[in-house]
Amino acid sequence: MPTFVYMTNCDGCGYCVDICPSDIMHIDTTYRRAYNIEPNFCWECYSCVKACPQNAIDARGYADFAPLGHSVRALREEDKGTIAWRIRFRDGREKHFLSPIRTTPWGSIKGPAEYTTPTAAAMNSQELAHEPDALNVPALPTLDRNRLKKGVVA
Amino acid sequence: MSRKTVFVDSDILVVGGGMAGCGATYESRYWGRDLKIVCVEKANIERSGAVAQGLYAINCYMGMQWGENQPEDHVRYARNDLMGLVREDLGYDIARHVDSTVHKFEEWGLPMMRDPKTGRYQREGKWQIMIHGESYKPIVAEAARKAASEIHNRIMVTHLLMDSKRPNRVAGAVGFNVRTGDFYVFRAKAVIVAAGGASHLFKPRSVGEGMGRTWYAPWSSASAYALPILAGAKMTQMENRIVLTRFKDGYGPVGAYFLHLKTYTQNAYGQDYEAFWRDSIEKMVGDYVNHHPVPTCLRNHALLEEVKAGRGPIRMVTKEAFKDPHKETVGWENFLGMTIGQAIVWASQNIDPKETNPELTTSEPYVMGSHATCSGAWASGPEDYAPSEYQWGYNRMMTVEGLFGAGDAIGGTAHKFSSGSFAEGRIAAKAAVKYVNDMGQDRPAVSESEYAALREAVYQPLENYRVGRNEIVAGTVSPSFILPLHGLQRLEKIMDEYVGGISAHYTTNEPMLTRGLELLQMLKEDMDHIGAPDLHQLQRAWELHHRVLASECVAQHTLFRQETRWPGYYYRGDFPKLDDNDWHCFTLSQYDRENGRWKMEKAPVYHIVD
């Protein structure tokens, strides 16, 4: 339905509710556990699957075109910096993949205000933050206004 | 009603925390150290926007440091792909800034693939580089969080606010908190619209659960267009909807397959159909078909004609490439990194591309501004070289004073993708800081009568439901209200049948558009009777408001441009050919929110490179 929640695994923590880009993971008021309230607005983006500390969320392909019996499971581990995937076909075949997700520690990005305050000259130039250094070329390219031609290209 | 009204004052308000919004937030802080920078997002910026799911490639990177491409090359590429019509000044501007953006992503921790021989970023094609981008959005969101004074998640922005002292100047925005229901009044000196483009304007191929598996995210609800349109900003190229050739049902991307894995397409009988249609395409559009790469829309056209000729399905020939285990891994990880739903479709149908050549199809149309299409607001160009007709203020300022845009919101700049959208957010933000600095003590004023009226309008769907629900026993059928999904399905049917969707073979004409606009007008009137049972549905109601207004704009532009500029995206049956004599120009529209009328005009195209 595309994502769904296993009753016995969910503890109602609400991480999926907090992360879902489509606002479709809600807490059921009777069971105090999460469920997908609007499967036809689910992109199968797996944001909730990846965020669930209990691995309680899975996806069942869209009923319009996906026959039953498949499974695509993800295990995203921020401390290891990896995501592991297991794909199981309807006929039982399996494929496994492992990818890195980040090369630096979480939280380590230097905020823009931690850099030296830019000069007035930089403010009036066309350069953006960290340019031209971060371009890895000597100068920001520009164009000659006189080269502008109106209309159809010959 | 006991809902609170919360006031949030800022110097710069960024609406939307996707790629463009995060770029705008970061750059605003770099240049505006003492400014109050607020970013507002309807979901959670950790996983919001089109990159929520991740990406397996960055599709816009010059590689100037290695002499791979120059910004001029990218302008030529985007121009030809869009059949001659792009804002070359804006496109060049993104291209010259995109490399520094990508280099920062790598420094922040985004895993880049590298070519083992050259040590450079691994190229997928001429413009694309390959990444392990599962956490692309969380990484970029971290940078934005370090920059913002405040980030407000789960607030759906419904309208922009205008200055009560000075006409045509923006003064902020209003919206509601989807969790608490509180009303938010954001007062700002400058506003950067970095909201999303539009899925679900046209009926999708799947209308059950599978309507969620649109190519562009279902949460891309046209706010990038409706917000500026309602504020009176001029819009451009809104007719330039995009149709995507993708793997069937899951809409899994084909870029890596074509470019890196070197797979290719053929018809049901193993024939190369693109060559077959080349001459007939040349008769429609002239020389554009002879450029390399062949424009995206024309390749769609060949596929559509081939299927109409009865030689479908079209398949991607993967069996050869997937014998190579490395290529097989790339093929699967490409989906797992950005379109998991396609992996699910293949697993469910026992499609292993090693053994089966998978089917391709063309999607329903989408309206957006960052892929191989360029709908959006008409924006002022860069100060150092933009022609005078493209320059009336600060870079990326729309035709409303103090209103800036980036990403899907800015028109004329195709092929910016994720990196270019972030770069454009940075461009807009630096200009917005300059605007705020130049403004000095002259803060725009927000009148209480304006936001009080909007407050009433915003919650009207809850009231409609409360009253209407008491008229009926149970169920969803009421003579007094329709639910957001009802309205969305009507919208999608109108757009599909009259404005060139899948069931009309992407074809329309003046009588069809005129009738479509009549039906859209009735839908607009019915929008006063949308009923929302809860806050979640209230969000859906306002997403629908945005989609309806954007759709009307699309229909008006489609009616105005009397030619078929992008066969394969859509066809004007009454003007079946490309017409460079009369239509080598941009189309502009302006909406009058007082009387609901549209004013259409043409704007010149300037070419900056030969």
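This passage describes a predicted model of two chains, A and B, with attention to the strands and helices of chain B and to the contact between the chains. The model scores ipTM 0.97 and pTM 0.98. For chain B, the mean pLDDT is 97, and 100% of its residues reach 70 or more.

Several strands of chain B can be followed from one pairing to the next, beginning with β1(B), which spans residues 5-15. Strand β1(B) pairs with β2(B) in the parallel sense over four bridges, and within this pairing I12(B) stands opposite I37(B). Strand β2(B), formed by residues 37-40, is in turn joined by three bridges to β5(B), residues 150-152, again with the two strands running parallel; here I151(B) is the bridge partner of C39(B). Both faces of β2(B) are covered, since I37(B) and C39(B) on one side and V38(B) and V40(B) on the other are all buried.

Strand β1(B) is also joined to β8(B), by ten bridges and in a parallel arrangement, in which D9(B) has R187(B) as its bridge partner. Strand β8(B) comprises residues 183-193 and is mostly covered, with eleven of its eleven residues buried. Two further strands pair with β8(B). Strand β7(B), residues 170-177, does so in the antiparallel sense over five bridges, and G175(B) is found opposite Y184(B) in this pairing. The two strands β7(B) and β8(B) form a hairpin with five residues between them, and in its turn G181(B) has a positive phi of about 80°. Strand β15(B), residues 403-405, is joined to β8(B) by three bridges and runs parallel to it, with I192(B) standing opposite F404(B).

A separate description applies to Y56(B), which lies in strand β3(B), residues 55-58. Y56(B) has 25 C-beta neighbours inside 10 Å and therefore counts as buried. When neighbours within four places in sequence are left aside, the residues in contact with Y56(B) are M130(B), I131(B), G133(B), A256(B), E333(B), N334(B), G337(B) and M338(B). Of these contacts, G337(B) illustrates the separation in sequence that can be bridged in space: Y56(B) and G337(B) are 281 residues apart in sequence, yet their C-alpha atoms are 5.3 Å apart.

Chain B also contains an open sheet of four strands in the order β14-β9-β18-β19, with antiparallel pairing. Its edge strands, each of which pairs on one side only, are β14(B), residues 376-377, and β19(B), residues 597-604. Strand β18(B), residues 585-592, is joined to β19(B) by eight bridges, the two strands running antiparallel, and S589(B) stands opposite M600(B). Helix α15(B), residues 535-560, packs on this sheet, where it touches β9(B), residues 235-236, as well as β18(B) and β19(B). The direction of α15(B) makes about 135° with that of β18(B).

Helix α15(B) also takes part in covering another helix, α13(B), whose buried residues are covered by elements that include β16(B), residues 507-508, and α14(B), residues 510-526, in addition to α15(B). Helix α13(B) has 15 residues, 484-498, and reaches 21 Å from its first C-alpha to its last, close to the 21 Å expected at 1.5 Å a residue. The buried residues of α13(B) are P484(B), G487(B), L488(B), L491(B), E492(B), I494(B), M495(B), D496(B) and Y498(B), a list that includes the charged residues E492(B) and D496(B). Just after this helix, G500(B) takes a positive phi of about 100°.

Between the chains, 72 residues of chain A are in contact with 79 residues of chain B. On the side of chain A that touches chain B, at least two residues each are supplied by α1(A) (15-19), β6(A) (82-88), β7(A) (94-100) and β8(A) (149-150). The residues of this side of chain A divide into 41 nonpolar, 16 polar and 15 charged. Strand pairing also extends across the two chains: β8(A) is joined by two bridges to β20(B), residues 606-607, and the two strands run antiparallel. In this pairing, K150(A) has Y606(B) as its bridge partner.

Definitions and conventions
Residues are numbered from 1 along each chain as its sequence is written. Chains are lettered from A and ligands numbered from 1 in the order in which they are written. This is a predicted model: local features need pLDDT of at least 70, side-chain atom pairs count only at pLDDT 80 or more; totals for chains, interfaces and linings use all residues. Two strands pair if DSSP finds at least two bridges between them. Two residues are in contact if their C-beta atoms, placed from the backbone, lie within 7 Å. Axes are lines fitted to C-alpha atoms, for helices over the stretch in contact, and angles run from 0 to 180 degrees between N-to-C directions. The expected span of a helix is 1.5 Å times one less than its number of residues. A residue is buried if 20 or more other C-beta atoms lie within 10 Å of its own, exposed if 12 or fewer, and partly exposed in between; C-beta atoms are placed from the backbone. pLDDT is the predictor's confidence in each residue, from 0 to 100.
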